[in-house]
Amino acid sequence: MTDLIELKGITHAYATESGPLPVLDALDVGVPEGGFVAFVGPSGCGKSTLTRLIAGLMKPDRGEVRLHGAPVTSPRSTVGMAFQNPVLLEWRSILKNVLLPLEIVPTKLSRLQAEDRARRLLHLVGLEGFEDKRPSELSGGMRQRASLCRALIHNPEVLILDEPFGALDAFTREDLWQTMHALRAEEPFTGVLITHDLRESIYLADRVVVLSARPATVQHIMDLPPGPRVLDDLYTPEAAERLNVLRHQIEVAQGREPAEAAPSLPPGSAAQGMH
Amino acid sequence: MTDAPVPVTAPADVKRPARGRVLRALTGRAVVAPIAAIVVFVVLWEALVWVMGWPNYVMASPSDLPPAYARYWELFIVMGWQTLWRTVVGLVLAVIVGVGIGMVMGFSRTMRDALYPLLVGFNAIPKATVVPIVALLFVGQHDFNTVLIAFMISFFPIAVSVSIGLSTLEPEYRDILRSLGASQATIFWKIALPKTLPEFFGALKVAVTLAFIGTNLMEIVSPHGRGLGALFDSGKTNSDYPLMFAVLIALAVLGIVLYYVVVALEKTFAGWAERAPH
């Protein structure tokens with residue numbers, strides 16, 4: 001599979017009052033076309049910087065982000081984004097919020113076609129009947145669903161999710177994971193997910209990339225069998241083992257455990273310490 | 001204002017005939033409560049003057065006012081209009097300049113740091129002291145001077161609220177549009193401006209009353225002034241105390257009218273910010 005997104009030798013530092021703060025160090029990673037890659041890692045390891053780089057919102061000090069082989073130097077309309085904060089516009093209805101990107105991005109859709117598409121997406125995430133409501137009338141999970149529809153309305157090639165479910169309660173989060181699989185079945189996109197939640201990463205992604213502590217570089221890559229999943233898949237011995245490996249890799253990344261300690265632990269002890 | 005009757009969507013309301021709705025609106029809390037408060041205030045005022053036995057030159061009572069209005073009603077209309085239009089022009093200028101300064105300060109950290117002390121210092125100067133300076137600076141330009149003072153006294157809250165509204169815009173709001181390649185201008189029109197409107201209208205309500213103070217300062221102080229301030233001044237010169245009080249009440253009425261104009265604008269343009277009561 002060819003990589004739609006390629007990150008090549010990305011090095012970046014933020015200027016702070018106490019000198020430069022390196023966040024990414026010679027990061028090399030690719031995201032295959034149609035794939036869904038989750039990035040996990042210790043807090044503050046530069047994961048969000050990564051999304052801003054891929055979206056073209058900023059440029060790395062060194063290295064290159066490539067989309068279809070062409071370097072990304074500025075934002076492009078083929079990207080959709082959703083954040084932990086759903087940032088819906090309070091003065092617009094849910095439908096008008098979802099339609100917002102089409103007011104910026106050139107589109108071939110007529111107004112009616114665009115509205116149809118927005119309604120279809122809202123239906124897909126379970127928000128039919130809420131089109132004319134204001135965001136303040138919706139719960140946090142519903143707002144995040146609307147925000148996902150907005151990120152997808154303009155048929156983006158790349159969907160960037162920066163901890164989109166981080167602020168939701170556990171049940172709502174699991175609901176939204178299933179919604180993500182439903183969306184993926186209907187909408188072709190290449191996904192980049194930033195998350196703190198290891199269960200989320202193995203449930204949603206085809207590939208999990210563990211980043212090291214700041215300045216981040218690739219610590220570990222885990223490929224997962226493709227295909228839609230059900231929540232029960234999270235409670236199999238294989239899942240427990242995967243979680244255990246990832247958890248271990250994060251601990252190594254945090255410097256709490258030496259890398260030599262074997263990552264292949266017996267499955268029985270795996271579920272502990274996951275939360 | 002949060003107590004305003006919930007519009008037609010209230011289920012109990014839907015099936016009522018239109019006449020019943022109008023009657024209900026007129027007898028609603030939002031109308032009855034303020035009128036009752038005004039009536040109580042007037043009665044207390046009248047009673048206070050009567051009980052204390054104050055003569056007119058100490059304090060006029062509400063019952064002295066109708067004769068004053070009856071005698072000078074033409075002056076009240078002419079002067080009231082002069083005061084009103086200058087105040088409104090001053091306010092419009094304050095909105096334009098205030099929003100401009102607020103935008104500059106809201107978008108640029110450097111400009112915010114640079115301008116804040118200047119603005120605060122300027123605002124700290126009592127405008128009563130500026131009035132004679134302005135009057136000397138532009139001798140005879142009474143309309144211009146009055147508008148200028150009304151503007152100077154009222155632009156500050158607008159500038160501050162707009163700058164705060166813009167500078168506290170969460171970066172994600174910007175990123176949502178910026179990641180699609182939207183220009184700064186588009187981000188301003190689609191997100192920053194509407195998001196700042198509630199703060200803006202809050203400041204505008206303060207600015208309205210301030211602008212009236214500015215207009216009247218100039219009208220009272222400057223010789224051969226016009227407007228209600230000048231009418232007040234002539235009442236003072238002629239020891240016509242009921243007239244002075246009548247002017248004060250007329251000013252209060254103008255202030256209330258303008259305030260509710262702002263409230264109506266706010267409901268139209270920023271009504272979304274008002275949450276439904278739970």
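**Figure 1. Pairing of β4 and β5 in chain A of the predicted model.** A:L67 faces A:A70, a residue of β5(A). Strand β4 of chain A covers residues 62–67 and is joined to β5(A) by 2 bridges. These two strands run antiparallel.

**Figure 2. The open sheet of chain A.** The sheet has 4 strands, ordered β2-β1-β4-β5, and its pairing is antiparallel. The edges are taken by β2 (19–32) and β5 (70–71) of chain A; each has a single partner strand, so one side of each lacks a neighbour in the sheet. In a regular strand, side chains alternate between the two faces of the sheet.

**Figure 3. The hairpin of β1 and β2 in chain A.** Strand β1 of chain A, residues 3–16, pairs with β2(A) through 10 bridges in the antiparallel sense. Within this pairing, A:I10 has A:L27 of β2(A) as its bridge partner. The connection from β1(A) to β2(A) is a hairpin of 2 residues.

**Figure 4. The salt bridge between A:R92 and A:E103.** The closest N and O atoms of A:R92 and A:E103 are 2.9 Å apart. A:R92 belongs to the loop between β6 and α2 (94–99) of chain A, and A:E103 to the loop between α2 and α3 (111–124) of chain A, so the pair ties together parts that are 11 residues apart in sequence. Over all chains, the salt-bridge count comes to 20.

**Figure 5. A:E103 and B:K190 at the interface of chain A and chain B.** The side chain of A:E103 also takes part in a salt bridge with that of B:K190, with an N to O distance of 2.8 Å. Between chain A and chain B the count is 2 salt bridges. A:E103 thus appears in both this view and the view of its salt bridge with A:R92.

**Figure 6. The contact of chain A with chain B.** The contact involves 24 residues of chain A and 18 residues of chain B. About 1900 Å² is buried between the two chains, and 70% of this area is on carbon and sulfur atoms. There are 4 residue pairs in polar contact between chain A and chain B, both residues of a pair being at pLDDT 80 or more. On the side of chain A that touches chain B, strand β6 (residues 79–83) of chain A gives the most, with 3 residues. This side of chain A divides into 13 nonpolar, 4 polar and 7 charged residues.

**Figure 7. The two assigned domains of chain B.** The domain assignment gives domain 1 as 1–53 and domain 2 as 62–273 in chain B. The contact between them takes 5 residues from domain 1 of chain B and 9 residues from domain 2 of chain B. The C-alpha centres of the two domains of chain B are 28 Å apart.

**Figure 8. The interface of domain 1 and domain 2 in chain B.** The two domains of chain B bury about 610 Å² between them, with 75% of that area on carbon and sulfur atoms. On the side of domain 1 of chain B that touches domain 2 of chain B, the residues are 4 nonpolar, no polar and 1 charged. The rule finds 0 salt bridges across this interface. The polar-contact count between domain 1 of chain B and domain 2 of chain B is 1 residue pair, with both residues at pLDDT 80 or more.

Technical notes. Residues are numbered from 1 along each chain as its sequence is written. Chains are lettered from A and ligands numbered from 1 in the order in which they are written. Side-chain values use heavy atoms; hydrogens and water are left out. Domain bounds come from an automatic or database domain assignment. Contact means heavy atoms within 4.5 Å. Buried area is the accessible area (1.4 Å probe) that two parts lose on being put together, summed over both. A salt bridge is a side-chain nitrogen of Lys or Arg within 4 Å of a carboxyl oxygen of Asp or Glu. A polar contact is a pair of N or O atoms within 3.5 Å; within protein, one must be able to donate a hydrogen and the other to accept it, and residues adjacent in sequence count only if both atoms are side-chain atoms. Ala, Val, Leu, Ile, Met, Phe, Trp, Tyr, Cys and Pro count as nonpolar, Asp, Glu, Lys and Arg as charged, and the others, Gly among them, as polar. Two strands pair if DSSP finds at least two bridges between them.
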